[in-house]
Amino acid sequence: PTLAFAEPLVFCHFAQGVGNGSYSKVASFASLSKQLEGALEEYNDLFPVMELVLFEDAMRHVCRISRILDRPRGNALLIGVG
């Protein structure tokens, strides 16, 4: 059972770097975290600071939401519980 989840099965268009555009598999959560933290720092330099905690499930959701919004007429209803 532990081998099934040894590496993430997550795909996104920024797995190889922001701006690359190729839709590919994420190598590891550590590399995805580094990419997302860098993008968040760039965002925080331009706009009011948004402090996010990017744990594994949150990173998976970012990849899903990004994929949806990248499509023509892509939209999603996001509901937060907490």
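## Elements and overall layout

Helices (H or I, at least four residues) and strands (E, at least two) are DSSP runs, numbered from the N terminus. With that in hand, welcome to this protein, which has two helices and two strands. Read from the N terminus, the elements come in the order β-β-α-α. Strand β1 covers 11-12 and strand β2 covers residues 24-25, while helix α1 spans 29-46 and helix α2 spans 56-70.

What you see is a predicted model, in which local features need pLDDT of at least 70 and side-chain atom pairs count only at pLDDT 80 or more, while totals for chains, interfaces and linings use all residues. Residues are numbered from 1 along each chain as its sequence is written, and side-chain values use heavy atoms, with hydrogens and water left out.

## Confidence

The predictor's confidence in each residue is called pLDDT and runs from 0 to 100. The average pLDDT of the protein is 84, and 87% of the residues score at least 70. Among the elements, α1 has the highest mean pLDDT, 91, and strand β2 has the lowest, 86.

## Surface and contacts

About 6500 Å² of the protein is exposed, with 59% of that area supplied by carbon and sulfur atoms. Accessible areas come from the Shrake-Rupley method with a 1.4 Å probe, and for residues only the protein chains shown count as cover. A residue is buried under 20% relative accessible area, exposed over 50%, and partly exposed in between (1.4 Å probe, protein chains only). Of the 82 residues in the protein, 23% are buried.

Two residues are in contact when they have heavy atoms within 4.5 Å. Among contacts with a separation of 6 or more, 27% join residues 24 or more positions apart.

## The nonpolar core

In soluble globular proteins, nonpolar side chains tend to be buried together. Here a nonpolar core is a set of buried Ala, Val, Leu, Ile, Met, Phe, Trp, Tyr and Cys residues joined through side-chain atoms within 4.5 Å. The largest such core has 11 residues, including Val-10, Phe-14, Phe-29, Leu-54 and Cys-63. Helices α1 and α2 are the elements that give two or more residues to this core, and α1 has the largest share, with three residues.

Which residues does Cys-63 contact, leaving aside its neighbours within four places in sequence? They are Val-10, Phe-11, Cys-12, Phe-14 and Leu-32. Another core member is Leu-54, found in the loop between α1 and α2. Leu-54 counts as buried because its relative accessible area is 15%. Beyond four places in sequence, Leu-54 is in contact with Leu-36, Glu-37 and Met-59. Its C-alpha atom is 7.0 Å from that of Ser-33, although the two are 21 residues apart along the chain.

## Around the strands

Ser-24 sits in strand β2 and is counted as buried because its relative accessibility is 17%. Not counting residues up to four places away in sequence, Ser-24 touches Val-10, Phe-11, Cys-12, Ala-15 and Gln-16.

His-13 belongs to the loop between β1 and β2. With a relative accessible area of 22%, His-13 is partly exposed. His-13 and Ser-66 are 53 residues apart in sequence, and 8.3 Å separates their C-alpha atoms.

## Pocket and cavity

On a 1 Å grid over the protein atoms alone, a cavity is a set of points where a 1.4 Å probe fits but cannot get out, and a pocket is an open set with protein on both sides within 12 Å along at least five of seven lines; lining residues have an atom within 4 Å of a point. Grid points are joined across faces, edges and corners, and a volume is the space filled by probe spheres set on the points. The largest pocket holds about 250 Å³ of space. Its lining has 12 residues, and Phe-14, Leu-36, Ala-39, Leu-40 and Val-62 lie nearest its centre. Helices α1 and α2 are the elements that give two or more residues to this lining, and the largest share, five residues, comes from α1.

The structure also holds one cavity of 30 Å³ or more. The largest cavity has a volume of about 30 Å³ and is lined by Phe-14, Ala-15, Val-26, Ala-27, Ser-31, Leu-32 and Gln-35. Ser-31 is part of helix α1 and, at 30% relative accessibility, counts as partly exposed.

## After the last helix

Arg-73 lies in the segment after α2. Although Arg-73 is not a glycine, it has a positive phi of about 60°. Is Arg-73 buried or exposed? Arg-73 counts as exposed because its relative accessibility is 80%.
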